Amino acid sequence: MTDQAQILPGTLDLLILKSVSLGPLHGYGVLLRIAQISAQALLIEQGALYPALFRLVRQGLLKASWGTSENNRRAKFYELTAAGRKRLREETEGWNRLAAAMGTALATQPEEI
Amino acid sequence: MKLQAYFRSVSGKFLRHSQTTDEVDEEVRSHIALRADDLERTGLSRAEAERRARIEFGGQEKCKDESYQALGGNFLETLMQDIRVSVRGLRKSKGFTFAAVATLTLAIGANAVVFGLLNALIIRPLTVPHPESLYGLERGNDKAINHSYPDYLDFRDRNRSFADLAAYNVVGVGLDTGDQAVSSWILEVTGNYFDALDIHPYLGRFFHAADEHGPNSAPYIVLTYAFWHSRFQEDRNVVGRVVQVNKHPFTILGVAPPEFRGTLLFVFPDFWVPLVNQEQIEGTSVLTERSNRDLLMVLGHLKPGVTKKQALADLNSVGSYLERTYPKDDANMHFALAHPGLAGDWMGDPVRGFLAGLMLLAGLILLAACANLGSLFAARAADRAREVALRLALGSSRRRILRGLFTEAVLISLVGGTIGLLGSVVLLRRLSMWQPLPTAPLTIPVNPDVNVYIVALLLALASGFLFGAVPVRQVLRTNPYEVVKAGSSGRMGRRITVRDILLAGQIAICAVLVTSSLVAVRGLMRSLHSNFGFEPRNALLVETALNTAGYSGDAVPVMQKRLIDALQSIPGVDTVGLVDRLPLYYGFTGSNVFSDQTTDLKPSNAAFQAATYNISPEYFAAAQTTMLAGRAFSWHDDKNSPRVAVVNREFARKIFGSERSAIGGFYKLHDGARLQIVGIVEDGKYGTLAEDPTPAMFLPMQQSPSSLVTLVVRSGRDPEQLTEAVRAAMRDVDAGLPFTTALWTHELDSALFPSRMATMSLGVMGLMGAMLAVTGIFGMAAYSVSKRLRELGIRVALGGQRWEVLQAALGRAFKLLAFGSAAGLILGVLASRVLAFIVYQATPRDPVVLGGVALAMALLGLLATWIPAQRALSVNPMMLLREE
């Protein structure tokens, strides 16, 4: 557990949008996908996932429909809406800017001041 | 029904709530199953895998809860929570809750009743198809609603704007269905009446224009549903039955549908008969007389696409044609159109004016109630300042706190509004059942409908938000740190607060209400004690119409004399006089009066219109009308002697300049008759109590016979015994003659009815205003005393006099009272001009009224501050100081 990074507040939504953008997923699938795309570095607390999913659905960023999973279980699948795609793009740019800025800031050496 | 819909919507929300919960549940279950599948694949047993999956998932309840909130379904839950908290809070302060709910109950109730009247009499259309295009014709400057039959025929046949025009007239008849004749009120209508209104029979058939073939050719009756129900017990075999109307056989054709009760809102007839049978119904037929313009109300639907303006232009051109063609009979032939329900503008204008005024006052009451509740809520919020501060300090949002306050306000307003509405529904239903006048078919059909419910609940909600908004600023400005540190009692500012303004405003409104009700009461008192030109006390009236028993022509005067003689011979009877229609009995019959020099007797040359009465020689003695000069009639003023008249002072003044010169003078009537004035009597009231002096003439009944008979029996005897004796005597003369008896004082109720109703409603408004003033002042005084108890205790401990203590405690309340009352009084005096419309002699500049209002407000103030003052005076400094 300790080698897994703590999720920053506000990043969960972005991660969900990203993972769903790669193809429709059910809730458990979103968890697995996040673990997979972050190379097991980011692990989401399972109970926190669903409120976030519902919030995104309510905001119109995701849409949900019931379907059947690969191992024949009934599950609810999530997909990105157009609004969700747009949001993902914006948030990704925002995150990249922030990360770049943080990187630059943290890389600053004493002689550079 | 309304309640059911409400429950359905609430349960719908719960249903959706449980649906979403189910969905969240299922999703969580599916998640755990999928995880367990994966774990199972790593070699765990199914049971173990599921257990592990559940543990990994963590707190399911918390997850579901958060999911549910994220779904936005929590609105209702928060609301329920707010309501629960509010109910608990309101339960804790029972006095406050009771006062608030009671105030609103009264205010909403008053508004619902007044709106119910407005709705039923003005907003709600007549129950005929397409009421919006149905108009009645009004003629001339004074908007006369009645027209002659030949004029009606010309309107009907010459206009191009109306689909059809029908005409009708209200008359009283005697109906004999086999046992005994009873009086009924009916409508005489033209043959096309039902077709023009597009009404279809409930049972049997109606008569049509094709059934009319000249005088007395259509002896048919159509019953109203209500009369069929009450008189014939809904017997379906009445169709085809022959009954006697005024001793003439009429055949019942059918029954009208229940919702159609004629086209007048106030008069529900028992049945309809064709107008062509007027001679059988009324004894004489005046259908050929174009000059008889007081006869028929005319109405019809505009053709589709024709505007009111086009129709008026059309009618006016027909009118000017008639003026040119019949200069002797027709003048002032220009028209107005009005919806017919309130007899056009004749009754419509005063009713609309009065109801609008009443609605305004009711609105003021609601406003005063809101001001009252607003200051109560502000006080409550101030008392809870510490609690609010604490909650803010603990992280509650201001929005949530305000929501709580509003929930409380709306809860109170809804409870108060519902109770008020229920009360008003009961009252309106009662009012609809009420028959205010025993001898007339007057009804007030004001059953409440959905409009009333909606308006009342909306008003309740709106006022809830209005007074709930008063403490908002207070909460928004609360600084938790300051309040918790200093305590709320440290904030007794000297400056004028919102609450002061609210209270002063409220008192001003209440003073307006008290002023207007006093003006109305005073006006009624005056009209009761004004000079009517007759003495209604100790007089019994017998009303009948000789044509209802088949008398006509020469038989009428003979029968009249027999009746007078029969009643005269009853022991204890002083005098018996006869008049065709009493003064102050639903207006008067007017006749055009021409000066003796006028030769062209067309209406536009008339000197004026005079109220006309046909009387017996003893009428003035029986009515105790004072003769000012000349003589009364004698039995010798009959058909064979020169025509004579007695006129009132106003008549004499108008045509001859003075009373003296009028005696022996001549004037002419429309038909060319030349009358000599033989006597002058005092002025009286003829049409309404509020009228200006009106000219009147009295003609000897033998020279102008009328089958309408009202006998005035003047006697000092006990009215009940006298009534018995009179009834027996009437039956001895002719058992088949329907008649009614009434004390003249009771009969006058019809004339006083409008101003009685006005006074009663304004009185109730004033009373409510007074109650609101009392509760408002009481609330304010009690609050300020309780806040300053400690200060008062110190004053008492330091030897303050009682007067000083009182001044400190209540000085402010009294200042506000004085200020508000003065403002209200001035406003009330201004507003009372409106009242002059309805209430006889409504003069607000009356010292009695002004003094009365001042006294009333002072008394109300005293009453309201009595208990707080007692409390202030009984302060025990030791107790108080020890408590701190």
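1. In this predicted model, a good place to start is chain B, where Thr97(B), Ala100(B), Val101(B), Leu104(B), Thr105(B), Leu106(B), Ile108(B), Gly109(B), Ala112(B), Val113(B) and Gly116(B) of helix H5(B) are in contact with Ile412(B), Ser413(B), Val415(B), Gly416(B), Gly417(B), Ile419(B), Gly420(B), Leu421(B), Gly423(B), Ser424(B), Leu427(B) and Leu428(B) of helix H13(B). Sorted by class, the residues of this contact between H5(B) and H13(B) comprise 13 nonpolar and 10 polar ones, with no charged residue.

2. As for the geometry of this pair, H5 covers residues 94-123 of chain B and H13 covers residues 398-433 of chain B, and their axes come within 7 Å while crossing at roughly 40°. H5(B) and H13(B) are therefore described as oblique to each other, and the crossing in which H5(B) passes H13(B) is right-handed.

3. Turning to chain A, helix H1 (residues 11-21) packs with helix H4 (residues 82-107) at an angle of about 125°, and the axes of these two helices of chain A are 10 Å apart. Because angles over 145 degrees would be needed for roughly antiparallel, H1(A) counts as oblique to H4(A). H1(A) passes H4(A) in a left-handed crossing.

4. Which residues meet where H1(A) packs with H4(A)? From H1(A) come Leu14(A), Leu17(A), Lys18(A) and Ser21(A), and they meet Gly84(A), Arg85(A), Arg87(A), Leu88(A), Glu91(A) and Trp95(A) of H4(A). By class, this contact of H1(A) with H4(A) holds 4 nonpolar, 2 polar and 4 charged residues, whereas the contact of H5(B) with H13(B) has no charged residues.

Conventions: Residues are numbered from 1 along each chain as its sequence is written. Chains are lettered from A and ligands numbered from 1 in the order in which they are written. This is a predicted model: local features need pLDDT of at least 70, side-chain atom pairs count only at pLDDT 80 or more; totals for chains, interfaces and linings use all residues. Axes are lines fitted to C-alpha atoms, for helices over the stretch in contact, and angles run from 0 to 180 degrees between N-to-C directions. Helices (H or I, at least four residues) and strands (E, at least two) are DSSP runs, numbered from the N terminus. Angles under 35 degrees count as roughly parallel, over 145 as roughly antiparallel, 65 to 115 as roughly perpendicular and the rest as oblique. A crossing is left-handed if the near helix is turned anticlockwise from the far one by less than a right angle, and right-handed if clockwise. Two residues are in contact if their C-beta atoms, placed from the backbone, lie within 7 Å. Ala, Val, Leu, Ile, Met, Phe, Trp, Tyr, Cys and Pro count as nonpolar, Asp, Glu, Lys and Arg as charged, and the others, Gly among them, as polar.
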